Amino acid sequence: MGTYYRKALFVANAGIQISSEASSVDGFEIEGTTPTGTDTRVVFSLDGTEWQKLVVSGGVGTLTPVTTQTITAESVLSEGNTITDIDGVTSIPEFIGETVYIAVAFQADEEETVVPKLKIGIKQTMGADLYQKVDESAVYSISDDGTDLEVVSIMANTAATGAGTVNVEARFKTGGTWGAYMSVEAANKQKITASAFQLRATYNVVTIGEDSAQVMNATVVHRTNVVSNMTDGTAVCVTKTYDFGNTMTRAHLMVKHETVPDTRISAQISLRRAPTNVTGEILGVGDGTQKTVTLAHTEDLASHGFALYFDGKLQSSDLYSYSPNDGQVTFKANNGVVVSADYIYHWEDEHFVDFERDTSYQDKEHPNLVDEQFDYSATDPTDPVGSVGNVRVLLEQLSGTEENVSLGVGTGAAQAFKLDHHAKRDTITVSPATASWYYDDNNDILQVISSEGEAISVTYDWIGRSVSVDSIVCIFNE
């Protein structure tokens with residue numbers, strides 16, 4: 001029988017930023033093991049473009065593209081650099097000023113009880129005495145369906161002491177393609193539409209313990225839908241979030257709304273586990289020096305809800321740093337001061353899934369209203385369930401185009417025609433071109449004067465009028 005192997009591929013979703021002020025890149029810091037009978041290989045990418053390997057000569061690494069760009073565990077194990085290859089590198093000039101992404105493939109015999117491990121960093125020498133750290137945020141979606149929406153503004157609140165500096169940049173996904181990072185100032189001077197964004201902060205200090213640099217918060221303001229002069233788009237009505245105490249798996253939703261032609265109502269539900277609130281966790285006792293402490297619970301930490309106390313007194317957020325990524329808190333408290341914290345973990349972001357439409361009927365008391373009903377039931381193991389839930393209702397204005405719609409024949413006098421849809425006035429074209437016309441957009445009536453016997457037709461873009469919700473009632477069940 002042949003030998004069977006377990007293989008795995010890990011592709012970094014965040015790159016390592018190499019400073020453009022670096023005088024050299026001096027190879028790698030490598031930790032881990034590659035036991036006998038196992039293999040570990042790596043490939044690299046600059047700024048997330050093509051994948052490459054290093055050709056090493058005299059300690060100098062030079063990048064060359066690998067054959068397979070749609071990388072897999074097999075392709076990296078076949079073409080990538082071994083740990084021995086890169087351990088001997090002492091200079092990589094092409095890395096200077098670039099964001100380096102790394103992909104690692106592992107292989108071990110199926111029967112092996114030990115597996116390869118790798119922790120890798122990149123060494124760089126600065127031209128001056130400068131300590132630098134680069135952090136990339138997670139990728140945040142602006143729209144649910146990948147539509148590019150307008151970015152209104154970007155704000156970054158930073159703080160620095162001594163010789164410390166911090167620079168915040170942003171990049172945007174437009175038309176399905178990521179652009180390059182740009183400064184917040186440059187981004188605010190441009191008209192940007194995007195479906196997602198990512199932030200990057202570069203921290204610099206000269207003297208550790210005296211200088212500091214931090215990002216207090218960052219905000220990206222964007223449109224929730226593309227709005228024209230006729231306010232077309234999709235409005236969203238979101239209910240409060242409730243904690244029911246018990247796990248909910250089903251829901252029945254009733255939406256009462258206006259009857260408006262060329263509109264559509266749909267609904268979505270979000271169910272998730274309840275977060276855990278920690279109050280007054282003791283982090284330690286101050287001794288006058290800066291300390292970094294890891295919270296007792298680091299699973300799915302919330303970015304909000306954190307508070308730090310010195311002897312029970314709430315501290316300003318500019319006096320400490322808190323990372324929800326790893327639960328690390330950095331502070332400096334006087335000797336003998338008890339440091340404690342409040343925070344939230346087991347936090348899950350809202351993830352909405354669709355309700356199934358049940359039925360609709362005319363409201364008995366209000367003939368201009370419709371009662372629409374929806375059902376949700378978690379039947380698949382991947383369907384969301386939980387004790388915390390809310391719903392949102394989507395009110396969509398449909399749109400379209402009518403081309404060369406025949407209206408009748410000219411009489412030489414004014415004639416009124418009721419259009420099938422609510423037309424956008426600036427898109428109306430009436431044939432013959434010599435005809436005079438007027439559109440009443442309150443009643444969707446087109447008045448036309450054309451010579452006797454001439455065929456009259458119209459072309460126009462249309463959009464449903466805005467629709468509103470009268471009431472929403474949702475019944476949740478276990």
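1. Partly exposed, as used here, lies between buried, which is under 20% relative accessible area, and exposed, which is over 50%. The structure is a predicted model. Cys474 has 23% relative accessibility and therefore counts as partly exposed.

2. Cys237 falls in that class too, because its relative accessibility is 29%. Neither value is under the 20% cut-off for buried.

3. How many disulfides does a search of the whole structure find? The search returns zero. For Cys237, the nearest cysteine sulfur belongs to Cys474 and is 12 Å away, and Cys237 is in no disulfide. Cys474 is likewise in no disulfide, with the sulfur of Cys237 as its nearest cysteine sulfur at 12 Å. A disulfide requires the two sulfur atoms to be within 2.5 Å, so a pair at 12 Å does not count as one.

4. Turning to the strands, there is an open sheet of three, in the order S24-S28-S27, with antiparallel pairing. Strand S24 covers residues 290-294 and strand S27 covers 321-323; both stand at the edges. Each has a single partner strand, so one side of each is left without a neighbour in the sheet. On average, neighbouring strands of this sheet are turned by 15° against each other, direction ignored.

5. Which strand pairs with S27 over three bridges? The partner is S28, residues 328-332, and the pairing is antiparallel. At residue level, Ser323 has Gln328 of S28 as its bridge partner.

Key: Residues numbered from 1 in each chain as written. Predicted model: local features only at pLDDT ≥ 70, side-chain atom pairs only at ≥ 80, totals over all residues. Heavy atoms only, no water. Buried < 20%, exposed > 50% of the residue type's maximum accessible area, 1.4 Å probe, protein only. Pairing = 2+ DSSP bridges. Helix = DSSP H or I, 4+ residues; strand = E, 2+ residues; numbered from the N terminus. Axes fitted to C-alpha atoms, helices over the stretch in contact; angles between N-to-C directions.
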